[in-house]
Amino acid sequence: MSVPAMAVVAVLVLASIAGAQQASTKWRSSRYGRTGAELWGEFPLVTVPVGDGYEDDYDVRSGLGFGFGIMFGFSDKLGLEGRMVQTEHKSGDGRMWDMDQYYAGFRYMFRYEEQVQPYVALGGARLALEWTAEEGGVTDFERIWGYGAYASVGTDYVMSRTWVAGLRVNYTWMKYSRENIGTEENDIEKSLDGSSLGFSLSLHYRIPLAW
């Protein structure tokens, strides 16, 4: 895991712990309120490469994968969220590529006093596309990576005080600007458009607060 990704995870885990520590004194405004810490898993998750950079050497197709996320709700309307997602993609030459996606941003919930809650989310992203193969004791490795931004729209269905089901559509704008070929790391001479579109279902666990 990269240093930026580890930093994102550390911040979100600390926020979740802080939310849990307030459990004895913090109250949600209603049974549907989103204040506090929340964890979720995403599956199935589909990523569709749409950027111009997914051509020639990196002509990967749509891929299937999974992910998980953390959110700390400062209020029933606004939360800090982070996601880690991985999907597997096949390229035209038959190679299999992993796309690792890391997101951190803010989510705004609408209709937070109702069971069905649409939302929007905005923030920063880091994507890495990599391929590894071993043959005859020799390992080949290739990775391209870079940074960008994302926007999501989705709908959550609050099933109970602790469980939430979700549907999410995510668009990422980004450029691949660095590459690793074997042990060598270099700048990509001309940044590649690595934008992507994602769709996922999710199941959330809300860390209980006092009622």
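Here are a few worked exercises on the core and the salt bridges of this predicted model.

**Exercise 1. The nonpolar core**

Find out how many residues the largest nonpolar core has, and which elements give two or more residues to it.

*Solution.* Start with the count: the largest nonpolar core has 16 residues. Next, pick out the ones with the most contacts inside this core, which are Tyr54, Trp97, Met99, Leu127, Leu129, Ile144 and Tyr176. Now move up to the elements. Strands E4 (96–109), E5 (116–135), E6 (138–158) and E7 (163–181) each give two or more residues. E5 gives the most, with five residues.

**Exercise 2. Around Tyr176**

Leave out the neighbours within four places in sequence and list what Tyr176 is in contact with.

*Solution.* Take the listed core residues to begin with: Tyr176 is in contact with Tyr54, Met99, Leu127, Leu129 and Ile144, among others. Then add Ala128, Trp145 and Gly146. To finish, go further along the chain and pick up Ile188, Ser191, Leu192 and Gly194.

**Exercise 3. Arg83 and its partner**

Work out which residue forms a salt bridge with Arg83, and where in the chain the two sit.

*Solution.* The partner is Glu42, with the closest N and O atoms 2.8 Å apart. Place each one: Arg83 is in strand E3 (residues 78–90), while Glu42 is in strand E1 (residues 36–49). That puts them 41 residues apart, so to speak a link between distant parts of the chain. Check the burial last: Arg83 and Glu42 are both buried.

**Exercise 4. Two more pairs**

Look at Glu81 with Arg107, then at Glu130 with Arg143, and decide for each side chain whether the residue is buried or partly exposed.

*Solution.* Glu81 and Arg107 form a salt bridge at 3.0 Å, N to O. Glu81 lies in strand E3 and Arg107 in strand E4, so their pairing ties together parts 26 residues apart in sequence. Both Glu81 and Arg107 are buried.

On to the other pair: Glu130 and Arg143 meet at 2.9 Å, N to O. Glu130 sits in strand E5 and Arg143 in strand E6, 13 residues apart. Buried means under 20% relative accessible area. Glu130 has 17%, so Glu130 counts as buried. Arg143 comes out at 24%, so Arg143 is partly exposed.

**Exercise 5. The wider picture**

Say how many salt bridges the whole structure has, and which residues are linked in a network.

*Solution.* A search of the whole structure turns up 12 salt bridges. The network links Arg34, Glu38, Glu81, Arg107, Asp156 and Arg168. Glu81 and Arg107 are the pair you met at 3.0 Å.

Conventions
Residues numbered from 1 in each chain as written. Predicted model: local features only at pLDDT ≥ 70, side-chain atom pairs only at ≥ 80, totals over all residues. Heavy atoms only, no water. Core = buried A, V, L, I, M, F, W, Y, C linked by side-chain atoms within 4.5 Å. Buried < 20%, exposed > 50% of the residue type's maximum accessible area, 1.4 Å probe, protein only. Helix = DSSP H or I, 4+ residues; strand = E, 2+ residues; numbered from the N terminus. Contact = heavy atoms within 4.5 Å. Salt bridge = Lys/Arg side-chain N within 4 Å of Asp/Glu carboxyl O.
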